[in-house]
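Please examine the following sequence together with its three-dimensional structure. The explanation below moves from one pair of residues outward to the sheet and its surroundings.

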Amino acid sequence: MSGRLEGKVALVIGAARGIGEGIAERFVEEGARVVIADTEAEAGRATAARLGGIFAETDISRQDHAERAVQTALEGFGGLDILVQNAGIYPWTLIENISTGEWDKVLAVNLRGTFLAARAALPHMKAKAYGRMVFTSSITGPRVTSPGHGHYSASKAGINGFIKAAALEFSGYGITVNGIEPGNIMTAGMKAERSEAFIRSMEAAIPLSRLGSPRDVANCALFLASDEASYITGTTIVVDGGQTLPEGADFRINPSSV
Ligand code: NAI
């Protein structure tokens with residue numbers, strides 16, 4: 001199937017690289033026009049150029065930037081149908097060492113950024129009586145966690161709560177609000193923020209035996225952004241290769257062999 005987003009305008013925040021870039025690319029393959037919003041101007045411009053989109057320099061933790069990114073879609077493409085707030089940071093710090101500054105930064109980008117993006121997009125989607133909002137959450141926080149993820153877990157669990165509240169409030173306007181909970185996805189951010197040992201241990205914990213790719217997440221975002229998902233709102237989809245399934249540490253144990 002192709003053309004699933006024909007005629008649609010999508011704003012993808014945190015799309016210069018990684019999962020967000022994968023989402024924007026998948027949307028373009030299906031006919032959407034995209035605004036690439038990101039703090040990283042050089043990489044963001046390159047991604048936008050590659051995808052035939054428009055770049056909007058955006059720090060999503062700032063209200064004026066969130067509004068400017070939405071404005072870029074309205075002025076550049078004449079509307080806004082799909083909002084993806086994917087920008088997120090994930091420093092790896094034990095709770096006893098998290099400074100208030102680091103705590104506030106993670107919450108500001110991941111959680112306040114999600115609220116600011118939704119609020120900025122809302123009036124335009126409301127006026128059109130159509131909208132798809134998709135937020136990148138995580139399995140970390142809503143379902144599981146590991147040491148070093150105190151602030152990150154809180155921010156992503158917060159996103160899941162916000163998704164429910166926004167879905168309910170926006171339901172009368174033809175706007176759906178959903179989220180994705182990726183497991184461990186191989187991206188530049190993952191390589192920069194997590195040790196090789198962490199990545200290997202995650203790989204061993206995934207029943208499908210590999211880390212995910214940005215495209216694995218992008219396919220889910222595409223579904224949630226498309227009209228096929230028109231009756232789905234206020235929920236999240238886990239994209240984790242089965243990582244959150246096992247009851248015990250050794251999930252490859254076979255009853256016939258013990
Ligand atoms: P990444 O670090 O590779 O890419 C993130 C992008 O967001 C970058 O282009 C970065 O410049 C941009 N960004 C960062 N702060 C921003 C801000 N304040 N405003 C606008 N843009 C900003 O990260 P990755 O791995 O692609 O992750 C993307 C999202 O997926 C994040 O929300 C992350 O928490 C979430 N996630 C990632 C997982 C993984 O295993 N990689 C697992 C679960 C969730």
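In this predicted model, Ile13 has Gln85 of strand β4 as its bridge partner. The pair belongs to a wider contact between strands: β1, residues 9-13, and β4 are joined in the parallel sense over four bridges. Strands of a sheet pair through backbone hydrogen bonds, and the pairing may be parallel or antiparallel.

Strand β4 also pairs with β5, which comprises residues 131-136; these two strands run parallel and are joined by four bridges. Here Leu83 has Met133 in β5 as its bridge partner. The chain connects the two strands through helix α4, residues 100-128, and β4, α4 and β5 together make a right-handed β-α-β unit.

Are the faces of β4 covered or not? Both are covered: Ile82 and Val84 are buried on one side, and Leu83 and Gln85 are buried on the other.

The view may now be widened to the sheet. It is an open sheet of seven strands with parallel pairing, in the order β3-β2-β1-β4-β5-β6-β7. Strands β3 (54-57) and β7 (236-239) stand at the edges; each has a single partner strand, and therefore one side of each has no neighbour in the sheet. On average, neighbouring strands of this sheet are turned by 20° against each other, direction ignored. Towards the β3 edge, β2 (residues 33-38) and β3 pair in the parallel sense over four bridges, and Ala37 stands opposite Ala56 in β3.

Helices accompany the sheet. Helix α8, residues 214-225, lies across β4, β5, β6 (175-182) and β7, and runs at about 165° to β6.

Side chains form the next topic. Which residues touch the most other members of the largest nonpolar core? In this core of 33 residues, they are Leu11, Ile13, Leu80, Leu83, Met133, Phe135 and Val177. Two or more residues are given to this core by each of β1, β2, α3 (63-77), α4, β5, α5 (150-170) and β6. Helix α4 gives the most, with eight residues. Apart from this core lies another, of 28 residues, which includes Ile19, Ala32, Val134 and Ile180.

Phe135 offers a closer view of such contacts. Leaving aside residues up to four places away in sequence, Phe135 touches several residues, among them Leu83, Gln85, Thr114, Ala118, Ile159, Phe162 and Val177. Leu83 and Gln85 are thus met again here; both are buried on one side of β4.

Technical notes:
Residues are numbered from 1 along each chain as its sequence is written. This is a predicted model: local features need pLDDT of at least 70, side-chain atom pairs count only at pLDDT 80 or more; totals for chains, interfaces and linings use all residues. Side-chain values use heavy atoms; hydrogens and water are left out. Buried means under 20% relative accessible area, exposed over 50%, partly exposed in between (1.4 Å probe, protein chains only). Two strands pair if DSSP finds at least two bridges between them. A crossover is right-handed if, with the strands pointing away from the viewer, the path from the first strand over the helix to the second runs clockwise. Axes are lines fitted to C-alpha atoms, for helices over the stretch in contact, and angles run from 0 to 180 degrees between N-to-C directions. Contact means heavy atoms within 4.5 Å. A nonpolar core is a set of buried Ala, Val, Leu, Ile, Met, Phe, Trp, Tyr and Cys residues joined through side-chain atoms within 4.5 Å.
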